[in-house]
Amino acid sequence: MKRASRVVFSVFIAIALLYVVYFMPLPLYIFKPGTAEDIHPMVHVKQAAEEKGKFMLTTVQVADATVFGYLMSYVRPYEELRLKRDLLRNNETEAEYSQRQEVVMLTSQADAIQAAYNRLKIPYHISKDGVVIQQVYPNVPAHDVLQAGDTIVKIDDKPIQTMDEVRGGVTGKKAGDSVSISYKRKGVVQTKDIALAALPADPNAKPAEASRVGLGVVLSELHSVKADSEEQQVTIQAGDIGGPSAGLMFSLEIYNRLAAGDITKGYKVAGTGEIDPDGHVGVIGGIQHKIVAADRAGAEIFFSPKDYKAPNGQTIPNYSDAKKRADELGTKMTVVPVATMGEALDYLAKLPAKTGS
């Protein structure tokens, strides 16, 4: 019996150690090179266009760190450890962080379409697509009902399309008053009465407006870009890729599909960078990992945002980090710094057509 007990105890300890080392998550993320994805299948437009090369967006792989992963990150090349709390805003959960990244990606796609339309002078208009919840504050009644990803459809039977309409739906009410909220979750609309809560004072508001009452949610407006001509309408389906950093590459792919000629000229062109509707390219994170992903995919050109000098004098590196990692890799890939979509197009316009393309 004693021997059997020792065996059972030893097995239990072994299982516990296995769990702690290989499965128990630490309060850390591991960042490492992701993939370089061909954008062509993600962008849909009626106009047919031949592309001899390809545009590729680049990703960073983010994984929960375990004790084993933590230790291996010191011997595996190009892995980076970051505290989870450094990524999560205002006590948001990991699910809310993922939802924020999804909303940011949708916004980035809309901005990329606008940037290409503006460059090509294609007439378009903006369609309001509703208001989505990104975060629900803890310790408010709405926390027991609503969750990140829900779309607010109505407040007290009044249809909702904008954040101003959400604010209007609770104006004049007091903490403890209830409103009827209709919300869509996974395609199903539900309606619940939810009590309003006193919210923290807005530091930017006038003293008379500092006291606030509301649901206690962080919202984002969804919108889509509609071309006046159906033949020029663009839609994007990027799967589960999140974040804003594919904006520049989406805008170049869209431009190539709608403009005359093939601006890839047979090259594999990867890159990263946020974009706004006017075509300005913004800095992003994790570019040192994206360089590795692009090199592994055989990219010949990599567009990087230029280093940005903030108003406080601090420099936010992008191109310098990308060039440093490219030099470490010894890659033949050319890293090109750009501040606008126009600069990327100008660079491509000066390239000779690739031999055999």
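Which residue of E20 does Pro305 stand opposite? In this predicted model, the residue facing Pro305 is Val338 in E20, and that pair offers a way into the sheet described below.

## Overall architecture

The protein chain contains 8 helices and 20 strands, and its C-alpha atoms fill a box of roughly 70 × 70 × 45 Å when taken along the principal axes. Of its 357 residues, 42% count as buried. Among the contacts with a separation of 6 or more, 73% are made by residues 24 or more positions apart.

## The six-stranded sheet

An open sheet of 6 strands is arranged in the order E4-E1-E3-E14-E17-E20, and its pairing is mixed. Strand E4 (80-83) and strand E20 (334-338) form the edges, and because each has a single partner strand, one side of each is left without a neighbour in the sheet. On average, and with direction ignored, neighbouring strands of this sheet are turned by 35° against each other.

Strands of a sheet pair through backbone hydrogen bonds, in either a parallel or an antiparallel sense. Towards the E4 edge, E1 pairs with E4 in the antiparallel sense over 4 bridges, and Ile30 stands opposite Leu81 in E4. E1 also pairs with E3 in the antiparallel sense, here over 8 bridges, with Asp64 in E3 serving as the bridge partner of Tyr29. At the E20 edge, by contrast, strand E17 (residues 301-305) and E20 run parallel and are joined by 5 bridges; this is the setting of the pair with which the report opened, Pro305 and Val338.

## Helices packed on the sheet

Two helices are described here in relation to the sheet. Helix H6 (residues 287-296) lies across strand E1 (28-38), strand E3 (54-64), E4, strand E14 (268-271), E17 and E20, and runs at about 40° to E1. Helix H8 (residues 341-350) likewise packs on the sheet, where it touches E3, E14, E17 and E20, and its direction makes about 140° with that of E20.

The loop between H6 and E17 holds Ala297, which counts as partly exposed because its relative accessible area is 28%. Leaving aside neighbours within four places in sequence, Ala297 is in contact with Ala36, Met56 and Lys268. Ala297 and Tyr267 are 30 residues apart in sequence, with their C-alpha atoms 12 Å apart in space.

## The contact of H3 with H5

Helix H3 (residues 94-120) and helix H5 (residues 247-258) pack at an angle of about 40°, with 8 Å between their axes; the two helices are therefore oblique to each other. The crossing of H3 past H5 is right-handed.

On the H3 side, the contact is made by Met105, Ser108, Gln109, Ala112, Ile113, Ala115, Ala116, Tyr117, Arg119 and Leu120, which meet Gly247, Phe250, Ser251, Ile254, Tyr255 and Leu258 in H5. By class, the residues of this contact divide into 11 nonpolar, 4 polar and 1 charged.

## An exposed lysine in H7

Helix H7 (residues 319-329) includes Lys324. Is this residue buried or exposed? Lys324 counts as exposed, because its relative accessibility is 54% and the cut-off for that class is over 50%. Although Lys324 and Ile291 are 33 residues apart in sequence, their C-alpha atoms are 9.8 Å apart in space.

Technical notes
Residues numbered from 1 in each chain as written. Predicted model: local features only at pLDDT ≥ 70, side-chain atom pairs only at ≥ 80, totals over all residues. Heavy atoms only, no water. Axes fitted to C-alpha atoms, helices over the stretch in contact; angles between N-to-C directions. Parallel < 35°, antiparallel > 145°, perpendicular 65-115°, else oblique. Left-handed = near helix turned anticlockwise from the far one by under 90°. Contact = heavy atoms within 4.5 Å. Nonpolar A, V, L, I, M, F, W, Y, C, P; charged D, E, K, R; others polar. Pairing = 2+ DSSP bridges. Buried < 20%, exposed > 50% of the residue type's maximum accessible area, 1.4 Å probe, protein only.
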